[in-house]
Amino acid sequence: MVECRKNWKYILIAVLSGAAVLAIGILLGHYAIPKSTDASAPPSWLHSVSQDLDEDLLQDFMNQVEANNIRENLRTLSSKPHMATTDGDKELVQLLLSRWKDPETGLDTATEAVYDVFLSFPDSERPNSVAVVLENGTQAFISRQKEENLTADQEDLAVVQPYAAYAPPGNPQGKLVYANQGKLSDYQELVRNGIDLNGTIAITRYGGAGRSAKAINGARFGVIGVVVYTDPGDINDKKASAEETYPYSWYLPPSGVERGSYSNHFGDLLTPYYPAKEFTYRIPEDQITGIPPIPTQPIGFEDARTLICNLAGPAANDSWQGSLGCSYNLGPGFRDGGLFPNTSNVQVNVYNQRRIEKSSNVLGLIRGSVEPDRYVLYGNHRDSWVHGAIDPSSGTAVMLEITRILGKMVKEGKWRPRRSIIFGSWGAEEFGLIGSTEYTEEFFSKLQQRSVAYINVDIAVFANATLRVQGTPPVQSVVFKATKQVQTPGDNSIPVYDNWKLHFNRNSSFYGVIP
């Protein structure tokens with residue numbers, strides 16, 4: 001097992017290094033400018049506007065990429081939980097500022113932009129939970145209030161307990177029903193089965209509908225509380241036992257809970273279309289739409305098994321069945337002969353607090369030499385729900401190595417881009433793309449007129465098989481060219497482009513086989 005972990009560590013760093021080189025190929029491929037020392041040569045701007053890529057410059061960059069730097073960046077970035085606006089997040093703000101202001105490897109400028117944003121947090125003194133309550137008011141079962149400590153880092157007191165961000169506080173209780181994915185059609189199906197949803201608690205699995213939609217849809221039918229879990233059939237290739245999941249594999253362990261923002265909107269919820277500054281008008285909180293109107297709480301699938309596998313009522317249809325090892329019945333309430341009396345209720349206990357906090361974006365700039373008022377933006381969010389080693393720190397680890405090399409080249413006078421490059425570390429993304437949205441709202445007119453491209457590196461590495469790229473059509477040729485210039489990490493015999501073709505589904509029902 002130890003040897004396996006070591007191998008994965010080396011593979012991860014190799015892939016991260018490849019991501020850095022690929023990213024810089026995209027950045028430099030269209031924006032690099034060599035410096036000319038020949039007085040008789042044509043003006044530098046004439047050469048730069050017609051040049052696509054300086055191969056020597058790209059090779060120089062590739063030679064300077066240090067895998068150990070990326071490894072240490074990732075170790076530092078993920079060493080502590082850093083949920084938005086917490087102490088861990090604030091420490092990373094200072095880390096980025098110090099790196100981008102370094103006299104030898106820093107950028108032209110580095111600034112911190114602060115916004116006053118509306119967030120939601122659990123109450124550390126009163127943990128959220130889901131409980132089975134007997135007729136006499138005693139609790140026969142209560143869900144885990146934090147995940148099992150499988151590794152030492154989970155013992156950090158800054159690890160936030162599972163909760164549904166923006167769900168309102170409350171303690172509703174009622175008969176439990178299984179509502180599949182919480183889609184509108186799922187609740188309609190329960191009604192068609194003769195189930196009265198008024199006053200019930202619905203348990204739903206992730207997928208099919210957005211997080212907040214599960215509660216919004218349920219409330220329309222009289223549901224008063226929602227429980228959400230991740231089914232192993234949806235995410236774990238049906239593996240549900242402790243021996244088949246992390247730390248013995250990369251699958252979600254039984255106690256694992258997916259945290260997330262339960263909002264349908266992007267940006268600060270109180271200042272739609274305007275930057276969340278202290279002077280900005282804020283709508284009343286009761287006018288916010290797209291968030292749960294009823295208490296909602298996520299749990300692990302081991303707790304979900306205890307609830308679902310004891311439900312009464314008819315069996316759900318095949319498409320609603322999952323991988324908890326039992327028949328998924330619809331309810332309402334618990335079956336006779338199960339773990340709980342059929343008179344028991346389920347109670348959702350939520351003590352979330354909504355408040356305005358200061359969240360920071362960190363912005364680094366390399367000024368362009370020919371078109372400084374044209375911007376190429378390269379960004380990633382900084383915050384995570386817990387340690388965030390993959391999402392988002394793998395992307396930031398690569399970004400820090402890229403900026404180190406480019407900053408050094410600028411300081412040494414070797415290179416300056418044609419257009420300005422803006423590096424962004426966005427805050428409070430996990431709550432609904434807040435940092436980047438507020439930045440866009442504040443500088444909308446300039447960004448609309450002057451932006452050339454935006455490259456997002458939220459997750460630089462997820463696995464090691466192949467490449468995944470999503471983008472608008474104009475970036476296609478840039479990506480293809482860059483992937484042909486970079487060798488596949490761990491297999492230098494073929495470029496990333498050829499390896500990508502080997503693994504990607506190239507069949508189209510409309511176009512046939514895509515070349």
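**From the whole fold to one strand and one patch**

In this predicted model, residues 24 or more positions apart account for 78% of the protein's contacts with a separation of 6 or more. The protein contains 14 helices and 19 strands. It has 515 residues, and 51% of them count as buried. About 24100 Å² of the protein is exposed, with carbon and sulfur atoms supplying 52% of that area.

Strand E2, residues 129–133, shows the covered side of this picture: five of its five residues are buried. Ser129, Ala131 and Val133 point one way from E2, while Val130 and Val132 point the other way, and all are buried.

E2 has strand partners. With strand E11 (residues 345–349), E2 pairs in the antiparallel sense over five bridges. Here Val130 stands opposite Val348 of E11. With strand E3 (residues 139–142), E2 again pairs in the antiparallel sense, over three bridges. Ala131 has Ile142 in E3 as its bridge partner. E2 and E3 form a hairpin with five residues between the strands, and in this hairpin Gly137 takes a positive phi near 95 degrees.

The surface offers another view. Trp250, Ile390, Ile459 and Phe462 form a nonpolar patch there, and together they have about 450 Å² of accessible area. One of them, Ile459, lies in the loop between strand E15 (451–456) and helix H13 (476–485). Why can Ile459 be described as partly exposed? Its relative accessible area is 38%, and partly exposed covers values between the buried limit of under 20% and the exposed limit of over 50%. Because patch residues need over 30% relative accessible area, Ile459 at 38% meets that cut-off.

Technical notes:
Residues are numbered from 1 along each chain as its sequence is written. This is a predicted model: local features need pLDDT of at least 70, side-chain atom pairs count only at pLDDT 80 or more; totals for chains, interfaces and linings use all residues. Side-chain values use heavy atoms; hydrogens and water are left out. Patches are made of residues with over 30% relative accessible area and no salt bridge: like charges are joined within 9 Å, nonpolar side chains (Val, Leu, Ile, Met, Phe, Trp, Tyr) within 5 Å. Accessible areas come from the Shrake-Rupley method with a 1.4 Å probe; for residues, only the protein chains shown count as cover. A salt bridge is a side-chain nitrogen of Lys or Arg within 4 Å of a carboxyl oxygen of Asp or Glu. Helices (H or I, at least four residues) and strands (E, at least two) are DSSP runs, numbered from the N terminus. Buried means under 20% relative accessible area, exposed over 50%, partly exposed in between (1.4 Å probe, protein chains only). Contact means heavy atoms within 4.5 Å. Two strands pair if DSSP finds at least two bridges between them.
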